[in-house]
Amino acid sequence: MELVLYPAGVLERRAALVPDPSTVAPVAHEMVRLMRAQNGIGLAAPQVGLSMRFFVLGVDRDRERVFVNPRIVRKSRRTIRSEESCLSLPDVTVEVPRAAVIDVRAWDEHGEPFEMRARGLSARAIQHELDHLNGVLCIDRIDTKRRERITRRLEALDRDGITARSAP
Ligand SMILES: [Zn+2]
């Protein structure tokens, strides 16, 4: 399993619903390992090349969660601006406004439906990962000028064949 870095078509596509949520368990466990190895707190299936609607979340240190076919059913009008980074965007940090509190519905990797309320870092990470399932990156949520600066730099790195893994 390999991390997909920007630019890549799979990161810009809307991912497909998972017909049977219980089938993602083996892949999700591998994604958790990759996320931990990269010091991430979330990883969405398109980031490992799978255009399917699920992601893993590792905000709680020893309690990873899997969200299959997730949907935000309520969100607070209040938003919070804070810095975000993304495993698919090496060395990029951007300030993104996100709803402060969300209620999310999903299935877990055993095929059980659940609903949870998230706030703080969890709410931010869930919104970031859900964006991935819709082909949206955090750099799509900042102003165009800044975004162009960042994408030019990332595309130059890509041309030179320098990836996050080969960088010091
Ligand atoms: Zn990301």
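This briefing covers two helices and one sheet. The model is a predicted one. Its open sheet has five strands. Helix H1 lies across S1, S2 and S3. Helix H2 is mostly covered.

**The sheet**
- The strands follow the order S1-S2-S3-S6-S7. Their pairing is antiparallel.
- The edge strands are S1 (42-44) and S7 (113-119). Each of these two pairs on one side only.
- Neighbouring strands in this sheet are turned against each other by 40 degrees on average, direction ignored.

**Strands S2 and S3**
- S2 takes in residues 54-57, and S3 takes in residues 65-75.
- Four bridges join S2 to S3. The two strands run antiparallel.
- Phe-54 stands opposite Val-68 in S3.

**Helix H1**
- H1 spans residues 25-37.
- H1 runs at about 45 degrees to S2.

**Helix H2**
- H2 covers residues 120-133, which is 14 residues.
- From its first C-alpha to its last, H2 reaches 21 Å. That is close to the 20 Å expected at 1.5 Å a residue.
- In H2, 11 of the 14 residues are buried.
- Among the buried residues of H2 are Ala-123, Ala-125, Ile-126, Leu-130 and Leu-133. The buried set also includes Arg-124, Gln-127, His-128, Glu-129 and His-132.
- An α-helix has 3.6 residues a turn, so residues three or four places apart point the same way.

**After H2**
- Gly-135 follows H2. The phi of Gly-135 is positive, near 75 degrees.

Technical notes:
Residues are numbered from 1 along each chain as its sequence is written. This is a predicted model: local features need pLDDT of at least 70, side-chain atom pairs count only at pLDDT 80 or more; totals for chains, interfaces and linings use all residues. The expected span of a helix is 1.5 Å times one less than its number of residues. A residue is buried if 20 or more other C-beta atoms lie within 10 Å of its own, exposed if 12 or fewer, and partly exposed in between; C-beta atoms are placed from the backbone. Two strands pair if DSSP finds at least two bridges between them. Axes are lines fitted to C-alpha atoms, for helices over the stretch in contact, and angles run from 0 to 180 degrees between N-to-C directions. Two residues are in contact if their C-beta atoms, placed from the backbone, lie within 7 Å.
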